[in-house]
Amino acid sequence: MTSSELWTRATADRYDAEETELSSAAVLGPTLAFLADLAGDGRALEFAIGTGRVGVPLRERGVPVVGIELSEHMAAVLRRKIDEDTLPVAIGDMATTVIPGEFTLVYLVYNTITNLLTQDEQVECFRNAARHLEPGGRFVIELGVPPLRFLPPGQVAVPFDVSEQHLGFDTFDLVEQILVSHHFTRDSDDRYRRGNSRHRYAWPAELDLMARIAGLELERRVADWDGAPFTQDSAKHISVWRKPT
């Protein structure tokens with residue numbers, strides 16, 4: 001068991017409804033094309049597969065997918081969409097759980113490596129990815145760039161969504177590299193539901209060092225799934241590390 005926080009049944013049941021934009025064709029199309037191209041004719045392993053937002057449609061594209069998921073409640077929502085024989089899921093943490101066989105692709109989407117709250121666990125996640133990759137296989141991470149440029153001296157909070165239905169902001173512990181995402185979500189009865197989650201943010205260069213520790217080499221880094229160049233103004237990155245042959 002790692003330091004990742006477990007998703008509850010209530011959170012899992014409403015997860016897809018609250019992330020509909022991420023499941024749209026505009027978002028998923030480039031994501032699936034990017035991952036399918038890297039998987040080639042081999043198998044793909046998704047760390048923290050959740051409710052299958054990416055894994056299920058990737059399997060439907062013909063890529064054999066296996067998942068690892070810490071929350072049984074999230075996996076139960078995925079299981080309503082696809083059966084175990086078609087998309088197997090192991091319940092466990094992404095830093096230590098081992099799946100038999102080798103894969104051409106291991107991937108983590110939507111900032112999920114930050115669910116591991118210590119640097120040591122994030123390093124173990126890279127090592128676990130390398131353990132599963134065949135020579136020449138790739139490890140892919142989608143991760144936001146920490147928005148610390150928005151923090152003037154003395155400020156510890158940055159808003160990331162202000163709308164009629166949702167208010168979200170992050171608070172930062174700059175010493176421990178921990179951010180807490182705070183959510184105030186407006187329900188159908190006009191009441192606001194409060195929630196929060198803890199994450200350990202990491203810079204691209206730090207991830208590259210983790211990859212080197214795991215025996216992986218940076219192959220490319222882009223700003224989005226469409227392959228836009230990564231620059232100092234990019235809000236996130238898609239990074240691809242390769243296991244040497």
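**Why do we call it that?**

Student: Why does aspartate 233 count as exposed?
Tutor: Aspartate 233 has a relative accessibility of 56%. The cut-off for exposed is over 50%, so aspartate 233 earns the word. Keep in mind that we're looking at a predicted model.

Student: And what makes arginine 149 exposed?
Tutor: Same kind of check. The relative accessible area of arginine 149 is 65%, and exposed means over 50%, so exposed it is.

Student: How do you know that arginine 149 and aspartate 233 form a salt bridge?
Tutor: Look at their closest N and O atoms, which are 3.3 Å apart. A salt bridge needs a side-chain nitrogen of Lys or Arg within 4 Å of a carboxyl oxygen of Asp or Glu, so this pair passes. Arginine 149 sits in the loop between β5 (133–144) and β6 (157–162), while aspartate 233 is in the loop between β10 (217–222) and β11 (236–242), so the bridge ties together parts 84 residues apart in sequence.

Student: Why would two side chains pair up like that?
Tutor: Side chains of opposite charge can pair when their charged atoms come close.

Student: How many salt bridges does a search of the whole structure find?
Tutor: It finds 13. One of them joins the side chains of arginine 80 and aspartate 13, with N to O at 3.0 Å. Arginine 80 is in the loop between α4 (72–79) and β3 (89–91), and aspartate 13 belongs to helix α1 (residues 9–18), so parts 67 residues apart in sequence get tied together.

Student: Why is aspartate 13 called partly exposed?
Tutor: Its value is 42%. Buried means under 20% and exposed means over 50%, so aspartate 13 falls in between. Arginine 80 comes to 59%, so arginine 80 counts as exposed.

Student: What makes the contact between arginine 186 and glutamate 164 a salt bridge?
Tutor: The N to O distance is 3.6 Å, and the limit is within 4 Å, so the pair qualifies. Arginine 186 is in strand β8 (residues 178–186) and glutamate 164 in the loop between β6 and β7 (166–173), which puts these linked parts of the chain 22 residues apart. With 25% relative accessibility, arginine 186 is partly exposed. Glutamate 164, at 58%, is exposed. Elsewhere, Arg138, Glu219 and Arg242 are joined into one network by salt bridges that share partners.

Student: Which residues of helix α6 (residues 204–213) are buried?
Tutor: Pro204, Glu206, Leu207, Asp208, Met210 and Ala211. Each has under 20% relative accessible area, so the word is buried. The buried residues of α6 pack against α5 (119–132), β5, β9 (192–200), β10 and β11. After α6 comes glycine 215, with a positive phi near 85°.

Student: What share of the whole protein is buried?
Tutor: Buried residues make up 47% of the 245 residues.

Student: How do you know that the radius of gyration agrees with a compact globule?
Tutor: A compact globule of 245 residues would come out near 18 Å, and the protein has 18 Å, so the two agree. The C-alpha trace spans about 50 × 40 × 35 Å along its principal axes.

Student: What secondary structure is in there?
Tutor: There are 6 helices and 11 strands. Of the contacts with a separation of 6 or more, 59% come from residues 24 or more positions apart.

Conventions. Residues numbered from 1 in each chain as written. Predicted model: local features only at pLDDT ≥ 70, side-chain atom pairs only at ≥ 80, totals over all residues. Heavy atoms only, no water. Helix = DSSP H or I, 4+ residues; strand = E, 2+ residues; numbered from the N terminus. Rg over C-alpha atoms; globule rule 2.2 N^0.38 Å. Buried < 20%, exposed > 50% of the residue type's maximum accessible area, 1.4 Å probe, protein only. Contact = heavy atoms within 4.5 Å.
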